[in-house]
Amino acid sequence: MNIKNASILTGVSDQMIRYYEKLGLIHPQRNKNNNYRDYQQADINNIVMIKQYSELGLSLKNLALLIKNNNMQDALDAINKTLNELEIEAQWIKARIDNTTHYQNLLKMIIENTPSTTGIYPTSYFYPRHDDNTQDLYTSLYHSAGAAKTVFHIPHELINLDNYPINQGMHTTKKLNDKKLEVIAIPAHRYWLTLRIVDNNHIINKHELMPILKQMNDEGYELKGDILLYQIACKDNKKGLIYICIECDIGPIV
């Protein structure tokens, strides 16, 4: 059969089929009458196999090891590497789904005027943002497809300060592969959270936070760990008012 029919039968474009041939992955015969390529069933089988492996993420270079050199071990190593990369990607996708669901619930709280809620959070990581590491932090997050949010972090031991130090950074559920970055591990925990409307440039101080913690205590919860504050939405752009989430660690998951 000609290349057009081979393309229709395999679902691989004629340009890609020619590229397979250029790489030496397939070797179609030539028609003796017109010297056109004449694809046999064996060629069709190979094209489909190449397509299947390509869809798994195996590079054409590694496919050549399998097809041209019959090197099964190198091909298996490449498959194992691809599988590991897919598993990492799947973890990020799950983290992004969880993060999106979390924000979905927060927006529902605003709409329904829900005073507070509780939930659980897996082990996560806070990366403080400094002038000398900002670029490295954002670059590392970008290359890791990070499901992260910008937060203001108040360590538990600083709760009694009148004014909290500026400790802003990125919060993510997966540890970044960058040893240059400072990181604070936040163990898996239960959280209590509520929403407040504040000025866009305002950082909550001790005197504002204490009534919020009292509300939490009145509901039967006690602060056991750190507090994260982060923006949820805008209340009034002209006045610079925003909704923030105040998320409190209320103890380990049991």
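A disulfide here means a pair of cysteine sulfur atoms within 2.5 Å. Keep that cut-off in mind for the cysteines below, and remember that this is a predicted model.

**The cysteines**

Searching the whole structure turns up 0 disulfides. Take C234 to begin with: C234 is in no disulfide, and its nearest cysteine sulfur belongs to C245, 15 Å away. What about C248? The closest cysteine sulfur to that of C248 is also in C245, at 8.6 Å, and because a disulfide needs the two sulfurs within 2.5 Å, that is too far for a bond.

Are C234 and C248 buried or exposed? C234 comes out as partly exposed, with 43% relative accessibility. C248, on the other hand, is buried, at 0%. Here are the two side by side:

| Cysteine | Nearest cysteine sulfur | Distance | Relative accessibility |
|---|---|---|---|
| C234 | C245 | 15 Å | 43%, partly exposed |
| C248 | C245 | 8.6 Å | 0%, buried |

**The chain as a whole**

Now let's step back. The protein chain has 7 helices and 10 strands. How far does the chain spread out? Along the principal axes, its C-alpha atoms fill a box of roughly 90 × 40 × 35 Å. The radius of gyration is 28 Å, while a compact globule of 254 residues would have one near 18 Å.

Even so, plenty of contacts link distant parts of the sequence. If you look at contacts with a separation of 6 or more, 68% of them are between residues 24 or more positions apart. As for burial, 36% of the 254 residues are buried.

On the outside, the accessible surface adds up to about 15,500 Å², and carbon and sulfur atoms supply 51% of that. The chain carries 27 positive and 28 negative charges, and the mean positions of the two sets lie 8 Å apart.

**A closer look at Q215**

For one residue up close, try Q215, which you'll find in helix α7, spanning residues 206–218. Q215 is partly exposed, with a relative accessible area of 21%; the cut-off for buried is under 20%, so Q215 does not count as buried.

Which residues does Q215 touch, leaving aside those up to four places away in sequence? They are P115, S116, W192, T194 and R196. S116 is a nice example of a partner from elsewhere in the chain: Q215 and S116 are 99 residues apart in sequence, yet their C-alpha atoms are 9.3 Å apart in space.

How values were computed:
Residues are numbered from 1 along each chain as its sequence is written. This is a predicted model: local features need pLDDT of at least 70, side-chain atom pairs count only at pLDDT 80 or more; totals for chains, interfaces and linings use all residues. Side-chain values use heavy atoms; hydrogens and water are left out. Helices (H or I, at least four residues) and strands (E, at least two) are DSSP runs, numbered from the N terminus. The radius of gyration is taken over C-alpha atoms; the globule rule is 2.2 Å times the number of residues to the power 0.38. Buried means under 20% relative accessible area, exposed over 50%, partly exposed in between (1.4 Å probe, protein chains only). Contact means heavy atoms within 4.5 Å. Accessible areas come from the Shrake-Rupley method with a 1.4 Å probe; for residues, only the protein chains shown count as cover. Lys and Arg count as positive and Asp and Glu as negative; His and the chain ends are not counted. The place of a charge is taken as NZ of Lys, CZ of Arg, CG of Asp or CD of Glu.
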